[in-house]
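Open the model in a viewer that lets you select residues by number. The stops below move from helix packing to salt bridges and then to a loop.

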Amino acid sequence: MKEMVINGIRVRPGQSLNIEIAIARLPTHTLIDLPVFIRSSSTPGPTVLICGGVHGDEINGIVTVKRMLEENIFQPIKGTLIFIPLVNVYGFLSNSRTFPDGRDLNRSFPGNNKGSLASQIAQILTNEIIPQIDYGIDFHTGGRMLSNYPQIRVDFRDDKGLELAEAFGANFTVNSMHIDKSFRKEAFKNNKHILVFEGGESMRLDDQVIQEGIAGTGRLLKYLGMISGSYPLKKTHKIEESRWVRAKVSGIFNASVSLGDEVKKGQMLAKISDPYGQVKVPIKASASGFVIGINNLPVVNAGDALVHIGKSQSKI
């Protein structure tokens, strides 16, 4: 097992170090750091990144990683765990998905040290973190007022990624192509495999989702031979494709299904009504599958995404 160097600091096998990578300064000249927590064993094994908060308003993911770190859930280990609970400090401070200039960190890779702030941080992750790891789990949530049922996003053409997703054992494993300039794609280009976990809604904490994230991480680490303990394998629904059912009209949205429900084509999913009780428009499933995402906003406009239906081909 080789030592690693992050931000010029050498981390030897068996060491546990907290490294703060200077990013930039706020307009007040307050220094902003990116804290990286290294937990290394002298026993050889893989190096796995566990991170959250690439989007600063996705608090569920931040708390999931924080809880693993502060409670030492996965000790003792073989190999090395790298924890970064909060990647996008700027977004976290402003309750925002993006950086102050509106740029999305997860569309800024591989980054540029002379580019935007998001691009500069992307370059830090590309140069300092990706070369050190074998695998990773990147924790995300749905958007504002959009909840996701716990799921792993992975490109089904990536055999190793799909193998890792099956080991993680989320409720659903969703086929998701690598997105250009994303953290996951940049890692894949460097022959590293990062799973994207989606669960819950931004700006809200969901303890069930947090527990699912921790349990899945435990199953994956055990599969990789890094930990012992009771983490029995869990079957996951394999979602080949998915599609949002959208609002045909504007009005008050009242769903009749819940996250995780299995639905049939033509089944009633919701109704949209006007504020006066004169109009009621049914919303029906366009295909059979599972509800993997849902809009929690009660007032919607025509064209808004309402219910995310995933078509399951098998359970693995």
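Contact here means heavy atoms within 4.5 Å. The model is a predicted one.

**Stop 1: α1 against α6**

Select residues 59–70, which form helix α1, and residues 207–223, which form helix α6. The two helices pack at an angle of about 50°, and their axes are 9 Å apart. Angles under 35 degrees count as roughly parallel and 65 to 115 as roughly perpendicular; α1 and α6 are therefore oblique to each other. Their crossing is right-handed.

Now show side chains at the contact. On the α1 side, pick Asn60, Val63, Thr64, Arg67 and Met68. These meet Asp207, Val209, Ile210, Gln211, Gly213, Ile214 and Thr217 of α6. By class, the residues of this contact between α1 and α6 are 5 nonpolar, 5 polar and 2 charged.

**Stop 2: α4 against α6**

Keep α6 selected and add α4, residues 159–168. The packing angle of α4 and α6 is about 120°, with the axes 7 Å apart. Angles of 65 to 115 degrees count as roughly perpendicular and those over 145 as roughly antiparallel, so α4 and α6 are oblique to each other.

Which residues of α4 meet α6? Select Glu163, Leu164, Ala167 and Phe168. Across from them in α6 are Glu212, Gly213, Gly216, Thr217, Arg219, Leu220 and Tyr223. The contact of α4 with α6 divides into 5 nonpolar, 3 polar and 3 charged residues. Gly213 and Thr217 of α6 are listed here and also in the contact with α1.

**Stop 3: salt bridges within helices**

The structure holds 14 salt bridges. Three of them can be visited helix by helix.

- In α1, select Lys66 and Glu70, which form a salt bridge with the closest N and O atoms 2.9 Å apart. The two residues are 4 apart in the helix, about one turn. Lys66 has 38% relative accessibility and so counts as partly exposed.
- In α4, select Lys160 and Glu163, whose side chains meet in a salt bridge at 3.3 Å, N to O. They are 3 residues apart, about one turn of the helix. Lys160 is partly exposed at 29% relative accessibility, and Glu163 is partly exposed at 28%. Glu163 is also among the α4 residues that meet α6.
- In α5, residues 183–189, select Glu186 and Lys189, 3 residues apart and about one turn of the helix. Their salt bridge has its closest N and O atoms 3.2 Å apart. Is each partner buried or exposed? Glu186 is buried, with a relative accessible area of 8%, whereas Lys189 is exposed, with a relative accessible area of 53%.

Then select Glu3, Arg10 and Arg12, which salt bridges with shared partners join into one network.

**Stop 4: Gly53**

Finish at Gly53, in the loop between β5 (47–52) and α1. Gly53 has a relative accessible area of 0%; buried means under 20%, so Gly53 is buried.

What does Gly53 touch, leaving out residues up to four places away in sequence? Select Ile62, Pro85, Leu86, Val87, Asn88 and Phe139. For a distance to check in the viewer, add Ser108: Gly53 and Ser108 are 55 residues apart in sequence, and their C-alpha atoms are 15 Å apart in space.

Note on methods. Residues numbered from 1 in each chain as written. Predicted model: local features only at pLDDT ≥ 70, side-chain atom pairs only at ≥ 80, totals over all residues. Heavy atoms only, no water. Axes fitted to C-alpha atoms, helices over the stretch in contact; angles between N-to-C directions. Left-handed = near helix turned anticlockwise from the far one by under 90°. Nonpolar A, V, L, I, M, F, W, Y, C, P; charged D, E, K, R; others polar. Salt bridge = Lys/Arg side-chain N within 4 Å of Asp/Glu carboxyl O. Buried < 20%, exposed > 50% of the residue type's maximum accessible area, 1.4 Å probe, protein only.
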